[in-house]
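Reader: I have a sequence and a structure in front of me, and I would like to learn how to read them step by step. Could we begin with the overall layout and then work towards single residues?

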Amino acid sequence: RNVPSLTGSKDLQNVNITLRILFRPLPDRLPNIYTTLGMDYEDKVLPSIVNEVLKAVVAQFDAGEMITQRETVSNKVSEELTDRAAQFGILLDDISITHLTFGKEFTQAVELKQVAQQEAERARFLVEKAEQQKRAAVISAEGDSEAAALLAKSFQDVGEGLVELRRMEAAEDIAYQLSKSRNVVYLPTGQSTLLSLPSM
C-alpha cells in the first residue's frame with residue numbers, strides 16, 4: 001500500500017513523501033483488530049501512524065540531509081513505524097520511501113543555485129581563456145620584436161643583400177609554381193600573339 005504524506009523538515013521546507021508499505025495483521029491479534037478497528041483496519045491505522053511517524057522523523061533533518069542521508073531517514077522511519085504499527089497488531093514486512101519531493105520554493109532555490117554555480121564556472125573559464133590569450137599575445141609580440149631586431153642587425157651587417165636574396169627566392173618559387181600550371185602559356189620575346197596573321 002502506498003501512503004502519501006506532507007510534512008516539514010528541520011529547516012521548515014515542505015516535504016512530500018510517499019511510503020510503500022507491505023503489511024499483514026498478527027494472527028493472534030486478528031480477532032481484536034476486527035472487533036475494535038473493523039475489516040478496513042489498514043485504512044484507519046496506516047495513514048495516521050505514517051503521518052505521525054514521518055512528522056516526527058523528518059523534523060529531525062533539514063532538506064539537504066533528507067537527500068544526502070536518505071538511507072538513514074528511511075531506516076529511522078522504518079524502525080519507528082514498525083514499533084508503532086505493532087501496537088495495533090500490524091506487522092510491517094517492508095517499508096520504503098518511493099517518492100520524495102520538496103516545496104516549490106526549495107526546488108527553485110536549488111535550481112537557482114545550480115544556475116549560479118554554472119555561471120560562475122563559465123566566468124572562471126572565460127577569465128582563464130582571456131589570460132591564456134593575453135600570454136600568447138605577449139609571447140608572440142616578444143617573438144616579433146626579437147625577429148625585427150635580428151633583421152635590423154642583419155641589415156646593418158650585410159646591407160640590402162638579405163632583401164635581394166629573399167626577393168630572388170620568392171621569384172624562384174613563383175616561377176616553379178607557374179611551370180606546374182597548365183593555364184600558363186609562354187610567348188617568345190617580341191611576339192604579341194601565338195599566330196602570325198598577315199597584315200592587311
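Author: Let us start with the secondary structure, which in this protein comes to six helices and three strands. Please keep in mind throughout that this is a predicted model.

Reader: In which order do the elements of the protein run from the N terminus on?

Author: The order is β-β-α-α-α-α-β-α-α.

Reader: How do strands come together in a sheet, and in what order do the three strands stand here?

Author: In general, strands of a sheet pair through backbone hydrogen bonds, and the pairing may be parallel or antiparallel. In this protein the three strands form an open sheet in the order E1-E2-E3, with antiparallel pairing. Its edge strands are E1, covering residues 2-8, and E3, covering residues 90-102, each of which pairs on one side only. From one strand to the next, the twist averages 25 degrees.

Reader: How many bridges join strand E2 to E3?

Author: Strand E2, which spans residues 14-25, is joined to E3 by 11 bridges, and the two strands run antiparallel. As a case to look for in the structure, Ile 17 stands opposite Leu 100 in E3.

Reader: Which helix packs on the sheet, and which strands does it touch?

Author: That is helix H4, residues 70-86, which touches E2 and E3, and whose direction makes about 140 degrees with that of E3.

Reader: Now for single residues: is Ser 96 buried or exposed?

Author: Here we compare the relative accessibility with a cut-off, and buried means under 20%. Ser 96, which lies in strand E3, has a relative accessibility of 18% and therefore counts as buried. If we leave aside its neighbours within four places in sequence, Ser 96 is in contact with Thr 18, Leu 19 and Arg 20.

Reader: And why does His 99 count as partly exposed?

Author: His 99 also lies in strand E3, but it counts as partly exposed because its relative accessibility is 36%. Beyond its neighbours within four places in sequence, His 99 is in contact with Asn 16, Ile 17, Thr 18 and Arg 70. The C-alpha atoms of His 99 and Thr 18 are separated by 4.9 Å, although these residues are 81 residues apart along the chain.

Reader: What can be said of the protein as a whole, in burial and in contacts?

Author: Of its 200 residues, 20% count as buried. Among the contacts with a separation of 6 or more, residues 24 or more positions apart account for 65%. The protein exposes about 14600 Å², of which carbon and sulfur atoms supply 56%.

Key
Residues numbered from 1 in each chain as written. Predicted model: local features only at pLDDT ≥ 70, side-chain atom pairs only at ≥ 80, totals over all residues. Heavy atoms only, no water. Pairing = 2+ DSSP bridges. Helix = DSSP H or I, 4+ residues; strand = E, 2+ residues; numbered from the N terminus. Axes fitted to C-alpha atoms, helices over the stretch in contact; angles between N-to-C directions. Contact = heavy atoms within 4.5 Å. Buried < 20%, exposed > 50% of the residue type's maximum accessible area, 1.4 Å probe, protein only. Areas by Shrake-Rupley, 256 points an atom, 1.4 Å probe, with all protein chains shown as cover.
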